[in-house]
Amino acid sequence: MLPILESTDTRALRRLLDRTPDDHARIEPAVRDILGAVRTRGDKALVEFARKFDRLEGPIELSPAEIHAGAGDCPREVRAAIRKAARHIRMVARAQVPATWTKQVAPGVKVSQRVVPLERVGCYVPGGRYPLPSSLLMAAVTARAAGVPEVIVTCPRPDASVLAAAVEAGVDRIFQLGGAQAIAALAYGTATVPRVDKIVGPGNAYVALAKALVARDCAIDFFAGPSEIVVVASSGDPAWIAADLLAQAEHDVDARALFLTPSRRLAQQVARAIEAQLAGPDAQGTPARDSLARNGAIVVTRTIAEAAALANRIAPEHLVVDTPELGASIPVAGSIFVGAWTAQAAGDYAIGSNHVLPTSGAARFRGGLHAWDFVRVSTVQQLTKRGVALVGPTAATLADAEGLKLHAASIRARLGIAPKVGPVKARARRPSARSSR
Ligand SMILES: NC(=O)c1ccc[n+]([C@@H]2O[C@H](COP(=O)([O-])OP(=O)(O)OC[C@H]3O[C@@H](n4cnc5c(N)ncnc54)[C@H](O)[C@@H]3O)[C@@H](O)[C@H]2O)c1
Ligand SMILES: N[C@H](CO)Cc1c[nH]c[nH+]1
Ligand SMILES: [Zn+2]
């Protein structure tokens, strides 16, 4: 039975909150070794790791013919679902693309926002335990909606559904690579795998940590590791709450599922519902029981406000609440699911919102994958003679205040104030083409 903790039990609570489900320190040396090996030995190391961890047979890259043939093996109803989910994700992603605009700051002073897609992105698609075509759609459809011309996918074991999703999203190349080795290949490039501008997508602890370690050399989206869910509610159907918790626990033994409630009765009902559902056929052979035993809990709080404050401290990937007001009172979460009808797992697939989300507290500083992850937003500025006359003196005064005389001079030159010059030293005469003529 899932433990029911009291929020007044500060020791137990601290153990729960301080817990890092994906134990970075334990795996970091192995991840660093893999990154180093791929950096120095390229494809040779890639093939060794892919054979060792993912039983790769055949070449690393799938040909376009193999991709299309594989996609054709995907059942028709799954392909239709992929198409519909992609349509929703595309709709949301298109609405997210930042706008270009021009602002006349003052007469002759123009500032524009320019939005240019990244040139080549790498989407990591998990495939260790389950094939996740939905993760491919979330990353690649969004990249395409933002206008990225070259979209590359790595996936340790792409099955027919992943290949069908790749065709739907218009992916350019697929490499059968997983784990830290796939991340190293995308970040540094090898003879076979081209280096990308940015790596996006979720994965297990090895993948998420590898992304964090290459972030010095290659842009990444954010830390998107093992799944997390925090349900905060004082009312609701215990079986539905239990089902939402179990759904995320199903992903990984490192996944984390918590239920925070001021209602002791609901806490007990949810604990019983979890036990009943774990005994059912769908839960057999999944990591859900182990995941809950390691990282799951139900916490009975004194008030709903205390539960909300606790959730906010956790900064969960998925936050599920029973009312919109409660959702609004918890600003720190990757993605928020409101009301009993909003099955959180529907958002994993088909609502259109992105399921690639920050974990391990990364929701403190950002939300999920977004069209702006795939574009460069820069400003373009242009002054006329009148414009420089308007802003130039202000800029030059600030440059003087900073002691940056050459900054000031470069501006005043445009205001008709010639830069100060000193005596020019006579250069030693060297025989030159001109003097020898
Ligand atoms: N945060 C999000 O947005 C989000 C979305 C979807 C899935 N997820 C998470 O993605 C993860 C998917 O995990 P997965 O394992 O099924 O697939 P995965 O593709 O992420 O990881 C599989 C790879 O891990 C590597 N690996 C496994 N054991 C290793 C070891 N001992 N040493 C070195 N490398 C090793 C292998 O190379 C293998 O290819 C889950 O944790 C799930 O919760 C997160
Ligand atoms: N829940 C995952 C994000 O943590 C996304 C996913 C993909 N497939 C099923 N679920
Ligand atoms: Zn999920």
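Serine 227 counts as buried because 25 C-beta neighbours lie inside 10 Å; a residue is called buried when 20 or more other C-beta atoms, placed from the backbone, lie within 10 Å of its own. Keep in mind that this is a predicted model, where local features need pLDDT of at least 70 and side-chain atom pairs count only at pLDDT 80 or more, while totals for chains, interfaces and linings use all residues. Residues are numbered from 1 along each chain as its sequence is written, and chains are lettered from A and ligands numbered from 1 in the order in which they are written.

**Serine 227 and its surroundings**

Let's stay with serine 227, which sits in the loop between β9 (219-220) and β10 (228-232). Strands here are DSSP runs of E with at least two residues, helices are runs of H or I with at least four, and both are numbered from the N terminus. Beyond its neighbours within four places in sequence, serine 227 is in contact with Gln248, His251, Asp252, Ala255 and Glu317, contact being C-beta atoms, placed from the backbone, within 7 Å. Histidine 251, in turn, touches Pro226 and Ser227, again leaving aside neighbours within four places in sequence.

Here are four buried residues to look up in the structure:

| Residue | Place | C-beta neighbours within 10 Å |
|---|---|---|
| Tyr124 | strand β5 (residues 120-124) | 32 |
| Asn204 | loop between β8 (198-200) and α8 | 22 |
| Ser227 | loop between β9 (219-220) and β10 (228-232) | 25 |
| His251 | loop between α9 (238-249) and β11 (256-261) | 25 |

**What UniProt lists**

An unreviewed UniProt entry lists Tyr124, Gln181 and Asn204 under "binding site"; such annotations may be inferred rather than shown by experiment. These residues are spread over 81 residues of sequence yet cluster in space, with a largest C-alpha distance of 12.9 Å.

The unreviewed entry also lists Ser227, Gln248, His251, His318, Asp348, Glu402 and His407 for "binding site". They span 181 residues in sequence and the farthest two C-alpha atoms are 56.1 Å apart, so they do not all gather at one spot.

**Around ligand 1**

How many residues surround ligand 1? There are 31, and the closest are Gly128, Gly178, Gly179, Pro202 and Gly203; a residue is near a molecule if its C-beta atom, placed from the backbone, lies within 6 Å of it. The elements giving two or more residues to this shell are α2 (24-54) and α8 (205-214). The largest share, three residues, comes from α2.

Terms used. Buried ≥ 20, exposed ≤ 12 C-beta atoms within 10 Å, placed from the backbone. Contact = placed C-beta atoms within 7 Å.
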